[in-house]
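Here is a quick walk through a model you may want to keep open on your screen. We'll take the metal site, then the strands, then the domains.

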Amino acid sequence: MEKNYKKILLIAATHGNERIGIEVINRLAKQKLDVFFDFLVANPKALEKNVRFVDIDLNRSYPGKQKSKKYEERLAAKNIKLAKKYKYVIDLHEASSGTEDFIIIPRHRLNTAFPLDPINLGTVLIWPDPKGPLGSCLKNTIELEFGMKGKNRKIIINRAVSVVGNFILSLDDLNGRKTAGNRKRKEIFEVYGKMNLQEAAKYRVEFQDFKKVKIKDELFYPLLVDQYKDLGIAFYKMKRTA
Ligand SMILES: [Zn+2]
């Protein structure tokens, strides 16, 4: 029997040590909103082990390879096939070292398949040429990143539940339930480069996500500080475009 796919796919645990997706999905199910979405645990082995990934970063592995020796590359091939069945895909992340909540979209997806307006977060991050996240391959996909650093986890989870829940309810053909309004004006940041670990160590600066710094006359905002150490990256650099 052909499965009846819903309109929205929520993705949890692309990074296995980020539990927010699972928590948000459980909460939305309790609110009976799961009649409107399906969900996918993107990296079950990494989730079970509570690690970011098993072989390589799944979020750098799309579109994947069905016969790869690397677990995440096989997963990517499987996950993308499923994600293609949906109109909207939201991939949920959390950053233990980040402070901000934001929407991530690849540059060439701007103003295309995913309506950003009903996502009630004020910050949009544009990646010019991302390699490997699901959103780089599918135009129906956005990533939401929730920053946990110095925050009360419960409050952040509540916010994530409300952001995703409101998006679900805002899709106008979903049986007329009304969205709680208060959509935020969006500030747009664009990633344009990165700094490697050796270089960052040279400066006596505590780099923090979204905290403007000036290094050798270059003004920028760091992003994902310490999140990609395994790739030798200290952080990505952004400029504000709107
Ligand atoms: Zn993540």
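## A zinc site, a buried strand and two domains

Keep in mind that this is a predicted model. A handy place to start is H93, which is buried, because its relative accessibility is 1% and the cut-off for buried is under 20%.

H93 is also a zinc ligand: the zinc ion is coordinated by H15 (ND1), H93 (ND1) and E18, which appears twice through OE, at 2.0 to 2.4 Å. What does the geometry of the site look like? With 4 donor atoms and angles of 55 to 149° among them, the site of the zinc ion is irregular. Along the chain, the donors are spaced as H-x2-E-x74-H. The H15 and H93 pair links distant parts of the chain, with the two positions 78 residues apart: H15 sits in the loop between β1 (8-12) and α1 (20-30), while H93 belongs to strand β3 (residues 88-95). H15 is buried too, at a relative accessible area of 2%.

From H93 you can step straight across to strand β6, where its bridge partner is E145. How enclosed is β6 (residues 141-147)? Buried residues make up 7 of its 7, so the strand is largely enclosed by the rest of the structure. T141, E143, E145 and G147 point one way from β6, I142, L144 and F146 point the other way, and all are buried.

E145 also has F102 standing opposite it. The table sets out the two strands that pair with β6.

| Strand paired with β6 | Sense | Bridges |
|---|---|---|
| β3 (residues 88-95) | parallel | 7 bridges |
| β4 (residues 102-106) | antiparallel | 3 bridges |

Now zoom out to the domains. The protein chain is divided into domain 1 (8-170) and domain 2 (190-240). Their C-alpha centres lie 23 Å apart, and the contact takes 22 residues from domain 1 and 13 residues from domain 2.

Interface size is often given as the accessible area lost when the parts come together. How much area is buried between domain 1 and domain 2? The figure is about 1400 Å², and carbon and sulfur atoms give 54% of that. Which residues of domain 1 stand out here? R52, S97 and W127 supply 29% of the area that domain 1 buries against domain 2, more than any other three residues.

Methods:
Residues numbered from 1 in each chain as written. Predicted model: local features only at pLDDT ≥ 70, side-chain atom pairs only at ≥ 80, totals over all residues. Heavy atoms only, no water. Donors = N, O, S within 2.8 Å, 3.2 Å for Na, K, Ca; no water. Tetrahedral: all angles 85-135°; square planar, octahedral: opposite > 155°, others 65-115°. Helix = DSSP H or I, 4+ residues; strand = E, 2+ residues; numbered from the N terminus. Buried < 20%, exposed > 50% of the residue type's maximum accessible area, 1.4 Å probe, protein only. Pairing = 2+ DSSP bridges. Domains from an automatic or database assignment. Contact = heavy atoms within 4.5 Å. Buried area = accessible area lost by both parts, 1.4 Å probe.
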